[in-house]
Amino acid sequence: MDHKEWIFLSPHFDDVVLSCGGLVWDLVNQGYTVGIWTILAGFPADENYSDFAQQNHQLWGKAGAEAITMRREEDINACQVLGAKPRHFDWMDVIYRRHPKTGLPVVNNNEELFNASPESNLVEEIAATLSTEIPKDTILVSPIGLGGHIDHRAVVRAGKRSGRVDYYFADYPYILWDFDSPVLLGDAYQKILRNLSNEALYQWQDAILCYSSQLAQFWRDEDETRLAILNYLAGGGGRLWEKRS
């Protein structure tokens, strides 16, 4: 791990910070340049929102472009806490995407969100961009894809197609419900042991709290948020994984 630049792929604005924000802070404070590239960060193409998108807007307290602007600002603030450099791409979250031939939403409910297949053209576009825009010798970190969210699976597949992925992070909080996943229990991946300091924990917690529009989906208040991350770190969470050779 002697390279000077790392890039973490985040399907959505908060995925990297939730999953391994303490590790990001630790790398920055060792002198590495760390970028967090949020792949599905684009603005909706129009205001013809699906019912499912509108349900998410109610949770966020804002709709459409205003919601994306808010979430981009939250991500910028979180990255500032960790010392990471954010980059936001223009592909849209699946709640805004429609099938090009039919015009119908790609997903209409939570069941489809975790079971529908990622669009092949989207995966190819992301993979091509990663292949051309990631600097040589940069270490690339991808989500493993736990939980099965369609956007996470799209990013995982794109990373694989690009041929550039060096390490992986376990998707949080999905790992809490999928800790017995064959992906983790099998021989494909192994965790890289790494000690993270109390300061790394504090900065990780502070960065997560920047995503105020999202926290109510997971925790009741700040104290519960901090406790959840403390327990996750103590249980071995927030570290990198690598594929076994």
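Does Arg 226 count as buried, partly exposed or exposed, and at what relative accessibility? In this predicted model, Arg 226 counts as partly exposed, because its relative accessibility is 23%. The report returns to this residue after a description of the strands, the core and one buried charge.

**Strand 1 and its partners**

Strand 1, which covers residues 5-10, has five of its six residues buried, so this strand is largely enclosed by the rest of the structure. Strand 1 runs parallel to strand 2 (residues 33-38), and six bridges join the two; within this pairing, Phe 8 has Ile 36 of strand 2 as its bridge partner. Strand 1 also pairs with strand 4 (residues 139-143), again in the parallel sense, over three bridges, and here the bridge partner of Trp 6 is Ile 139. Together with helix 1 (residues 15-28), strand 1 and strand 2 make up a β-α-β unit that is right-handed.

**The nonpolar core**

Two residues already named for their bridges, Trp 6 and Phe 8, return in the largest nonpolar core, which has 83 residues and in which Trp 6, Phe 8 and Ile 39 touch the most other members. Helix 1 supplies the largest share of this core, namely eight residues. In soluble globular proteins, nonpolar side chains tend to be buried together.

**A buried charge without a salt bridge**

Helix 3 (residues 64-82) contains Asp 75. Asp 75 is buried and yet has no salt bridge, the nearest side chain of opposite charge being that of Arg 71, at 8.0 Å. Because a salt bridge requires the nitrogen and the carboxyl oxygen to be within 4 Å, Arg 71 at 8.0 Å does not form one with Asp 75. When neighbours within four places in sequence are left aside, the residues in contact with Asp 75 are Phe 13, Thr 38, Pro 86, His 88 and Tyr 211.

**Salt bridges across the chain**

In the whole structure, a search finds ten salt bridges; the table sets out three pairs, with the N to O distance for each.

| Acidic residue | Basic residue | N to O distance |
|---|---|---|
| Asp 26 | Arg 194 | 3.0 Å |
| Asp 90 | Arg 72 | 3.6 Å |
| Asp 206 | Arg 226 | 2.5 Å |

In the salt bridge between Asp 26 and Arg 194, Asp 26 belongs to helix 1 and Arg 194 to the loop between strand 6 (189-191) and helix 9 (198-208), so the pair ties together parts that lie 168 residues apart in sequence. Asp 26 counts as buried because its relative accessibility is 12%, and Arg 194 is likewise buried, with a relative accessible area of 18%.

The salt bridge between Asp 90 and Arg 72 links distant parts of the chain, 18 residues apart, with Asp 90 in the loop between strand 3 (85-88) and helix 4 (110-113) and Arg 72 in helix 3. Asp 90 is exposed, at a relative accessible area of 63%, whereas Arg 72 is buried, at 16%.

The salt bridge between Asp 206 and Arg 226 brings the report back to its opening residue. Asp 206 lies in helix 9 and Arg 226 in helix 10 (residues 222-234), so this pair ties together parts that are 20 residues apart in sequence. Asp 206 is partly exposed, with a relative accessible area of 30%, and Arg 226 counts as partly exposed at 23% relative accessibility. Elsewhere, Arg 97, Glu 119 and Asp 151 are joined into one network by salt bridges that share partners.

Key. Residues numbered from 1 in each chain as written. Predicted model: local features only at pLDDT ≥ 70, side-chain atom pairs only at ≥ 80, totals over all residues. Heavy atoms only, no water. Buried < 20%, exposed > 50% of the residue type's maximum accessible area, 1.4 Å probe, protein only. Helix = DSSP H or I, 4+ residues; strand = E, 2+ residues; numbered from the N terminus. Pairing = 2+ DSSP bridges. Right-handed = clockwise from strand over helix to strand, strands pointing away. Core = buried A, V, L, I, M, F, W, Y, C linked by side-chain atoms within 4.5 Å. Lys, Arg positive; Asp, Glu negative; His and termini not counted. Contact = heavy atoms within 4.5 Å.
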